[in-house]
There are 2 protein chains.
Amino acid sequence: MIATGAVPICPDLPGADAVAVCGVSTLQSGIELRRILDSGGAKRGVVVGGGYIGLEMAEALVRRGLEVSLIDRSPEVMGTLDDDMGQLVSQTLRDFGVTLYLEEALTGFETKGGNVTGVVTDKRSLPVDIVVLGLGVRPNTALATAAGIPLGEKGSIQVNGRMETGMAGIWAAGDCAESFHLVSRRPFYIALGTVANRQGRVAGINLGGGYATFPGVVGTAVTKICQVEVARTGLQEKELGMLGIEWASAVIKSRTKAGYYPGAGEITVKVLAEKGSGRLLGGQIVGMEGSAKRIDTLATCLHAGFTVEEMINLDLGYAPPFSPVWDPVVTAAREVVKKL
Amino acid sequence: MIATGAVPICPDLPGADAVAVCGVSTLQSGIELRRILDSGGAKRGVVVGGGYIGLEMAEALVRRGLEVSLIDRSPEVMGTLDDDMGQLVSQTLRDFGVTLYLEEALTGFETKGGNVTGVVTDKRSLPVDIVVLGLGVRPNTALATAAGIPLGEKGSIQVNGRMETGMAGIWAAGDCAESFHLVSRRPFYIALGTVANRQGRVAGINLGGGYATFPGVVGTAVTKICQVEVARTGLQEKELGMLGIEWASAVIKSRTKAGYYPGAGEITVKVLAEKGSGRLLGGQIVGMEGSAKRIDTLATCLHAGFTVEEMINLDLGYAPPFSPVWDPVVTAAREVVKKL
């Protein structure tokens, strides 16, 4: 059973080994980061990478009183969202006090006496006391590779539906292993705790002499940045373009509760559906408290292979403390239907 | 187009027409109730009926400072839940200060000079200043009956999938009209705003010369009693018994967020599945903030006809502010699988 997980991507750039250039992937790296912050000397922080880890760390550094900048190569942070939805998250960070340098590439670090003093991009140099790297992860397959086990999508360990590798009797699960995407119907790599848990359960049953299969994933992920909840599932526009799937999309704004109910917050929902067939392809949500877990309805619809027309008559829960009469995800589905 | 709604059930008992015996179904009845409370003379309130309206009114009267009792014929309030889940809601009301008289039937009112002074059950007499009736509704079909239009389930107006009645060219939608239950595959009557909205949309499209069908409902409903969220979907045990469907069930306790996350509250989930086939039949949720809308995942699974085995691999959203790694509804599904 190979469960070697993933390793954080570390850029092969001068100065990347300097003190206070921190990845955040293990308990030890968190302790180290905390130690530097607790020493009080760090006033200016730069986060490299606008994914889940990068955004959570940017928020945390602001809360610790640092002056924080974030660098990302994409036009908006949170590249797992389409740009129009990612823009809402970028604005949330700016409103919270994070300076964003988007469409900029990290080119190196400046150091002095083994300590980092600056972050260099293709457009500028930023003086800095601490750098946090959130550049994503790659599957940790050193052991599998040495054993001659075949690799698949993004270098993850190829597995069949029972989580068995290409070498009989060797199993793999978690961030080192491949998944299957139920919407694209193709192999897919995603490093998330939920997927690792479900894969591990299947591998364990099979290792123990039972029989279980892992059908695959639809790419659901949720996070919280400051007070804003962010969620996504299915395929996003750039994936659909690469797959040659034609789509229609709609973005709607609604409220998390009945409009007149105390605490009703804004929610923005984007839904993507296949041109012609109307098959749901994916969805994205950015909004206030009560927004994120609505993605589960869209994810379940993806598992079911529902069209957006079928979504209109979903019998979802309504009461003023929880939702408008038409749930925002259904309102978005109704809008897409008009564009098929 | 017949959209005559529903009328509150009013008991044919002596004194039911006395001042301060209030149903709550229209804006006017709400204004009248408010007027009596604002006059300050009411100290003791009795609510008859432990459904959504009864519980919301009991809470409201306690918040207005009244000494409140609630009478219901069932062993627990909220009869749309199984008793083991309804018990959690009964306890919530008791903790909030409502005295419950369960398994008691209303037999009459005591009045003096046209004002209500007591509520009489088969077990006791309660002195009272104001009585609120929450005994449910029946479809308002006076017009349809006079026109000779056929009635169906619980006296609601029979309609086909396009919301057309048995009389060609006459349509019906909302609380006066019949629905179809997608789990029992039988006609069903449910008076809820969401269902009325979806039925009205379908009837309107057809009236306007278009073509739309209303597939049916799965019986989803949510409410909030004090700080506790309550949700249900699908068939409950007493319905399954009447339908001759054999079932297995599981009740699990989990948390609304990761256990270590601030504000994680308790959530109890019950899932019912068909013996042998494993087909999901229904689910019920009682818990703290963030509990109720999880019913949407179960409702969508009912629309999809999923088995509880299929639910185990649902790719739902996880992050510590929103859920444990295994969403409570999936944890409940996993437990039922063991009992099929």
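This report walks through a predicted model of two chains, A and B.

## How the two copies fit together

Let's start with the pair. Turn chain B by 180°, with 0.0 Å of shift along the axis, and it lands on chain A with an RMSD of 0.0 Å. The two copies are thus related as by a two-fold rotation axis. Both copies use the same surface for the job, as 100% of the contact residues of chain B recur in chain A.

As for who touches whom, 37 residues of chain B are in contact with 37 residues of chain A. On the chain B side, the elements that give two or more residues are helix 5 (193-207), strand 13 and helix 7 (295-304). Helix 7 of chain B gives the most, with eight residues. Sorted by class, that side of chain B has 20 nonpolar, 11 polar and six charged residues.

## One chain on its own

Now for chain A by itself. Chain A has nine helices and 17 strands, and its C-alpha trace spans about 65 × 60 × 35 Å along the principal axes. How does its radius of gyration sit against that of a compact globule? For 340 residues you'd expect a value near 20 Å, and chain A comes in at 22 Å, which agrees.

Inside chain A, 47% of the 340 residues are buried. Plenty of its contacts reach a long way along the chain: if you take those between residues at least 6 apart in sequence, 61% join residues at least 24 apart.

## The nonpolar core

The largest nonpolar core has 195 residues. Which residues have the most contacts inside it? They are V131(A) and A172(A) from chain A, plus V89(B), V131(B) and A172(B) from chain B.

A172(B) is a handy one to click on. Leaving out residues up to four places away in sequence, A172(B) touches I2(B), A144(B), I157(B), V159(B), M163(B), T165(B) and A177(B).

## Two loop residues with positive phi

A quick bit of background helps here: most residues other than glycine have a negative phi. R185(B) goes the other way, with a positive phi of about 55° although it is not a glycine. You'll find R185(B) in the loop between strand 11 (179-181) and strand 12 (186-188) of chain B. R185(B) counts as exposed because it has 10 C-beta neighbours inside 10 Å, and the cut-off for exposed is 12 or fewer.

C226(B) is another residue other than glycine with a positive phi, near 55°. C226(B) sits in the loop between strand 13 (221-225) and strand 14 (228-234) of chain B. Is C226(B) buried, exposed or partly exposed? With 17 other C-beta atoms within 10 Å, C226(B) is partly exposed. Strand 13, at one end of this loop, also turned up above among the elements of chain B that touch chain A.

## A look at T331(B)

Last stop: T331(B), which is found in helix 9 (residues 328-337) of chain B. T331(B) has 19 C-beta neighbours inside 10 Å, so it counts as partly exposed; a residue needs 20 or more to be buried.

What does T331(B) contact, leaving aside its neighbours within four places in sequence? The list is I252(B), S254(B) and W326(B). For another point of reference, M311(B) is 20 residues away from T331(B) in sequence, and their C-alpha atoms are 9.5 Å apart in space.

Notes. Residues are numbered from 1 along each chain as its sequence is written. Chains are lettered from A and ligands numbered from 1 in the order in which they are written. This is a predicted model: local features need pLDDT of at least 70, side-chain atom pairs count only at pLDDT 80 or more; totals for chains, interfaces and linings use all residues. Copies are superposed by least squares on the C-alpha atoms of residues with pLDDT of at least 70 in both. Two residues are in contact if their C-beta atoms, placed from the backbone, lie within 7 Å. Helices (H or I, at least four residues) and strands (E, at least two) are DSSP runs, numbered from the N terminus. The radius of gyration is taken over C-alpha atoms; the globule rule is 2.2 Å times the number of residues to the power 0.38. A nonpolar core is a set of buried Ala, Val, Leu, Ile, Met, Phe, Trp, Tyr and Cys residues joined through C-beta atoms within 7 Å. Ala, Val, Leu, Ile, Met, Phe, Trp, Tyr, Cys and Pro count as nonpolar, Asp, Glu, Lys and Arg as charged, and the others, Gly among them, as polar.
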